[in-house]
Amino acid sequence: MALRVPAIPFTFVAHTLAIAALVLVLVWNIHFRGGFAWEATNKNLIFNLHPLLMLLGLIILGGEAIISYKSLPLKKQVKKLIHLVLHALALALGIIGIYAAFKNHNESGIANLYSLHSWIGIGVIVLYGIQWIYGFLIFFYPGGSSTLRSECMPWHVVFGLLVYVLAVANASLGFLEKLTFLESSGVAKFGSEAFLVNFTALTTILFGVFVVISVLSEAPAPIEDDNSYSSI
């Protein structure tokens, strides 16, 4: 059931929150955590890629892919392609981000997959991949019949939204887990870094909220194909 309000204002807020969250996570990892590296003596620089790539991938690009249908007054086929490509980029960045966490743990002698955050994270990336493949085969290529697409669409939307909400929740759990480790290592509980991490998590949650609201709101009227016509 759609809200009887236009989605465009909510998508603008979502775009702003996405930029804010990305800036905050960059400030945190560059200013407080020393930056990024794929190969480094300081293994923490490798781990810093994890929150950046997961936020940029599954959360921001994934969210933008979801609201692309509600924020772009383009032809349906164009919006479908944008939706598909953004989700593919989100999935790719998510996989690299997870690999960065494994790489950091393996090179630092830290056990893998011991926390709830890591368990949910693996589940999310697997479900995200299944959802993308399912959408590609049914709605893009080779594509199902119109009846099959019509029957699958509600499930595709609901399942995709549930996976996204789970990703946002797990991102918040990840921020909490990392901050807890940092505070146990000497970071002040009421210091500027702790507040920055908490605000980053809150901004991420708000972005997710506005993505969901955008999905539940009314999309702008689509642009008709050049060779289409409407009755007078």
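P142 sits in the loop between α5 (116–140) and α6 (146–184), and the peptide bond leading into P142 from Y141 is cis, with omega near 0°. Keep in mind that this is a predicted model. Beyond that proline, here's a quick tour of a salt-bridge network, a nonpolar patch and a few other spots to look up on screen.

**The annotated span**
- An unreviewed UniProt entry carries the annotation "domain: Cytochrome b561" for residues 13–216.
- In the model, that span is 83% helix and 0% strand, and the C-alpha atoms at the ends of residues 13–216 are 15 Å apart.

**The salt-bridge network**
- The model has four salt bridges by count, and a network of them links E39, K43, K103 and E107.
- E39 pairs with K103 through their side chains, at 3.0 Å from N to O. Since E39 is in the loop between α1 (8–32) and α2 (44–47) and K103 is in helix α4, this pair ties together parts that are 64 residues apart in sequence.
- Are the two partners buried or exposed? E39 counts as exposed because its relative accessibility is 56%, whereas K103 is buried because its relative accessible area is just 9%, under the 20% cut-off.
- K43 and E107 make another salt bridge, with the closest N and O atoms 2.9 Å apart. This one also links distant parts of the chain, with K43 in the loop between α1 and α2 and E107 in helix α4, 64 residues apart.
- Both of these residues are partly exposed: E107 has a relative accessible area of 33%, and K43 has 22%.
- K103 and E107 form a salt bridge with each other as well, their closest N and O atoms being 2.7 Å apart. Both lie in helix α4, four residues apart, or about one turn of the helix.

**A nonpolar surface patch**
- F190, F195, F199, L202, I205 and V209 make up a nonpolar patch of about 620 Å² on the surface.
- One of them, F195, lies in helix α7 (residues 192–216) and counts as partly exposed because its relative accessibility is 41%.

**An odd backbone angle**
- L113 isn't a glycine, yet its phi is positive, at about 55°.
- You'll find L113 in the loop between α4 (76–108) and α5, where L113 is partly exposed at 41% relative accessibility.

**After the last helix listed here**
- S217 is in the segment after α7, and it's buried, with a relative accessible area of 1%.
- What does S217 touch, leaving out residues up to four places away in sequence? Its contacts are A2, L3, V5, P6, A7, F10 and K70.

Methods. Residues numbered from 1 in each chain as written. Predicted model: local features only at pLDDT ≥ 70, side-chain atom pairs only at ≥ 80, totals over all residues. Heavy atoms only, no water. Patch = residues over 30% accessible without salt bridge, like charges linked within 9 Å, V, L, I, M, F, W, Y side chains within 5 Å. Areas by Shrake-Rupley, 256 points an atom, 1.4 Å probe, with all protein chains shown as cover. Helix = DSSP H or I, 4+ residues; strand = E, 2+ residues; numbered from the N terminus. Buried < 20%, exposed > 50% of the residue type's maximum accessible area, 1.4 Å probe, protein only. UniProt positions renumbered as here; feature names shortened; annotations may be inferred. Contact = heavy atoms within 4.5 Å.
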